Amino acid sequence: NGKYKSPMHRVILNNKVTRVSVATVHGPSHNTFVKPAPEFVDESHPPKYRGMIYKDSLEANGYHEIDGKSCLQQLRI
């Protein structure tokens, strides 16, 4: 619900050693329904994003922009 912020990721270049990066995705099973965590939602803080099947959220996040909007903007309520 907008409470968890991703950490800054910085890389220091080293011309003497080859750097290899591998992206991995970890999460629940693809058919799990995901939504803002209950501990972050109450009457004063309603959900900011709609819930959806995890597989659909991965597909939505697979593109930086959809119809000119960021994928998170598309999921906002």
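Student: Where in the protein chain is confidence lowest?
Tutor: Happy to start there: this is a predicted model, where local features need pLDDT of at least 70, side-chain atom pairs count only at pLDDT 80 or more, and totals for chains, interfaces and linings use all residues. Residues are numbered from 1 along each chain as its sequence is written, and side-chain values use heavy atoms, with hydrogens and water left out. pLDDT is the predictor's confidence in each residue, from 0 to 100, and its mean is highest in strand 1, at 94. The lowest mean, 49, belongs to strand 3 (residues 65-66).

Student: What pLDDT does the protein chain average?
Tutor: Where pLDDT is low, the predicted coordinates should not be read in detail. Here 81% of the residues score at least 70. The average over the protein chain is 78.

Student: Which pattern does the protein chain follow along the sequence?
Tutor: Helices (H or I, at least four residues) and strands (E, at least two) are DSSP runs, numbered from the N terminus. By that rule the protein chain has two helices and four strands. Read along the sequence, they give β-β-α-β-β-α.

Student: Is Ser 57 buried or exposed?
Tutor: Ser 57 sits in helix 1 (residues 54-61). Buried means under 20% relative accessible area, exposed over 50%, and partly exposed in between (1.4 Å probe, protein chains only). Ser 57 has a relative accessibility of 11%, so the verdict is buried.

Student: Which residue's backbone oxygen does the side chain of Ser 57 reach?
Tutor: A polar contact is a pair of N or O atoms within 3.5 Å; within protein, one must be able to donate a hydrogen and the other to accept it, and residues adjacent in sequence count only if both atoms are side-chain atoms. The side chain of Ser 57 makes such a link at 2.7 Å. Its partner is the backbone oxygen of Tyr 54.

Student: What arc do the buried residues of helix 1 cover around the axis?
Tutor: The buried residues of helix 1 are Tyr 54, Ser 57 and Ala 60. They lie on the same side of helix 1, because their arc, taken from the directions from the helix axis to the C-beta atoms, is only 120°.

Student: Which residues is Ser 57 in contact with, leaving aside its neighbours within four places in sequence?
Tutor: Contact means heavy atoms within 4.5 Å. One partner comes from strand 1 (residues 33-34), which holds Val 34; another comes from strand 2 (residues 52-53), which holds Met 52. Ser 57 is thus in contact with Val 34 and Met 52.

Student: Is Met 52 buried or exposed?
Tutor: Compare Val 34, which is partly exposed with a relative accessible area of 25%. Met 52 has 10% relative accessibility, so Met 52 counts as buried.

Student: How far apart in space are Val 34 and Ile 53, C-alpha to C-alpha?
Tutor: Beyond four places in sequence, Val 34 is in contact with residues including Gly 51, Met 52 and Tyr 54. Val 34 and Ile 53 are 19 residues apart in sequence. In space, their C-alpha separation is 6.0 Å.

Student: What share of the residues in the protein chain is buried?
Tutor: The protein chain has 77 residues. Buried ones make up 12%.
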